[in-house]
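Here's a quick walk through one chain, from the overall fold down to a few residues worth a look. Keep the viewer open while you read.

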Amino acid sequence: MPRHVAIILDGNGRWARAKGMPRNYGHVQGAKTVETICEEAYRMGIQYLTVYAFSTENWSRPRDEVDALMKLLRNYMKTCLKTAEKNRMCVRVLGDKSGLEEDIRSRILELEEATKNNDGLHFQIAINYGGRDEIIRAARKLAADAAAGKTRPEEITEEAFGDALDTAGIPEPDLLIRTCNELRISNFLLWQLAYTEFYFTPVPWPDFTKEELVKAVEAYNHRDRKRGGLKSD
């Protein structure tokens, strides 16, 4: 069983259009799928689950869609808090929170604080997240520390750089799943995916079920895992 699974949630809008519904309907159904997969992943023995919910590039979408996504996010924060309480889920939000409105930042802080000691699934939600942006923010932090004399440039190792990322303390993903037949990583976890196995499926995210998750894990288990040229145990 992979310890950490990351998922790019794709196809909400296309799924909705295929049903003659507005794109926002697809996003609502996609949020429900997130809840289901969180529960199923933990039951299967997956310890960490990270989902790509809203990227730094998503701000360029039509204004009404962005507004609807932010409204959905606000509602989801409430739902996620209840789910976390029930399932002992530890929730963490990745991304540049400063780009979000104050009430959303407050809800994120409340959610992270209320769940930080939970011992169930470690659930990471990437919001206003971009892999390049994350790396730049980490580099700036380390550069500032070096300028302030807190560290020396030669002391900046891979481990030190990893500790400056949003995912500090979280193991790198073993498996990345992307739905709806898209074959790219779209600026997601660029540093962390260096040795990750990829799994692409034509199934749109709202139709992604436990059975589809099992298929992805089975495909992962049939691969000859290597890291740095050596097979992993």
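## A loop residue with an unusual backbone

Let's start with Leu189, in the loop between β5 (175–178) and β6 (197–200). Bear in mind that this is a predicted model. Leu189 isn't a glycine, yet its phi is positive, near 50°. Is Leu189 buried or exposed? Its relative accessible area is 1%, so Leu189 counts as buried, the cut-off being under 20%.

Arg88 is another residue with a positive phi, about 60°, and again it is not a glycine. You'll find Arg88 in the loop between α3 and β3 (90–94). With a relative accessible area of 39%, Arg88 is partly exposed, since that label covers values between 20% and 50%.

## The chain as a whole

Zooming out, the chain has seven helices and eight strands. What radius of gyration would a compact globule with 233 residues have? The answer is near 17 Å, and the chain comes in at 18 Å, so the two agree. If you line the model up along its principal axes, the C-alpha atoms fill a box of roughly 60 × 45 × 35 Å.

Of the 233 residues, 48% are buried. Looking at contacts with a separation of 6 or more, 76% are between residues 24 or more positions apart.

## Surface and charge

The chain exposes about 12100 Å², and carbon and sulfur atoms supply 49% of that area. As for charge, there are 35 positive and 36 negative ones. Take the mean position of each set and you get two points 3 Å apart.

## Two nonpolar cores

How many residues are in the largest nonpolar core? It has 42, and those with the most contacts inside it are Ile7, Leu49, Phe123, Ile125 and Ile177. Helix α3 (residues 63–87) is the top contributor to this core, giving nine residues. There's also a second, separate core of 10 residues, which includes Tyr52, Ala126, Phe188 and Leu189. So the buried loop residue from the opening section turns up again here, as Leu189 belongs to that second core and has that 1% relative accessible area.

Back in the largest core, Ile125 is a good one to click on. Leaving out residues up to four places away in sequence, Ile125 touches Val51, Ala53, Tyr76, Met77, Cys80, Val91, Arg92, Val93 and Leu94.

## Around β5 and β6

Glu197 sits in strand β6. You might wonder whether this residue is buried or exposed. At a relative accessible area of 16%, Glu197 is buried. Which residues does Glu197 touch, not counting residues up to four places away in sequence? They are Asp174, Leu175, Leu176, Tyr220, Arg223 and Arg225. Ile177, one of the residues with the most contacts inside the largest core, is 20 residues from Glu197 in sequence and 8.7 Å away in space, C-alpha to C-alpha.

Another glutamate to check is Glu172, in the loop between α6 (158–163) and β5. Its relative accessibility is 31%, so Glu172 counts as partly exposed. Glu172 and Tyr195 are 23 residues apart along the chain, and their C-alpha atoms are separated by 8.3 Å.

Note on methods: Residues are numbered from 1 along each chain as its sequence is written. This is a predicted model: local features need pLDDT of at least 70, side-chain atom pairs count only at pLDDT 80 or more; totals for chains, interfaces and linings use all residues. Side-chain values use heavy atoms; hydrogens and water are left out. A nonpolar core is a set of buried Ala, Val, Leu, Ile, Met, Phe, Trp, Tyr and Cys residues joined through side-chain atoms within 4.5 Å. Buried means under 20% relative accessible area, exposed over 50%, partly exposed in between (1.4 Å probe, protein chains only). Helices (H or I, at least four residues) and strands (E, at least two) are DSSP runs, numbered from the N terminus. Contact means heavy atoms within 4.5 Å. The radius of gyration is taken over C-alpha atoms; the globule rule is 2.2 Å times the number of residues to the power 0.38. Accessible areas come from the Shrake-Rupley method with a 1.4 Å probe; for residues, only the protein chains shown count as cover. Lys and Arg count as positive and Asp and Glu as negative; His and the chain ends are not counted. The place of a charge is taken as NZ of Lys, CZ of Arg, CG of Asp or CD of Glu.
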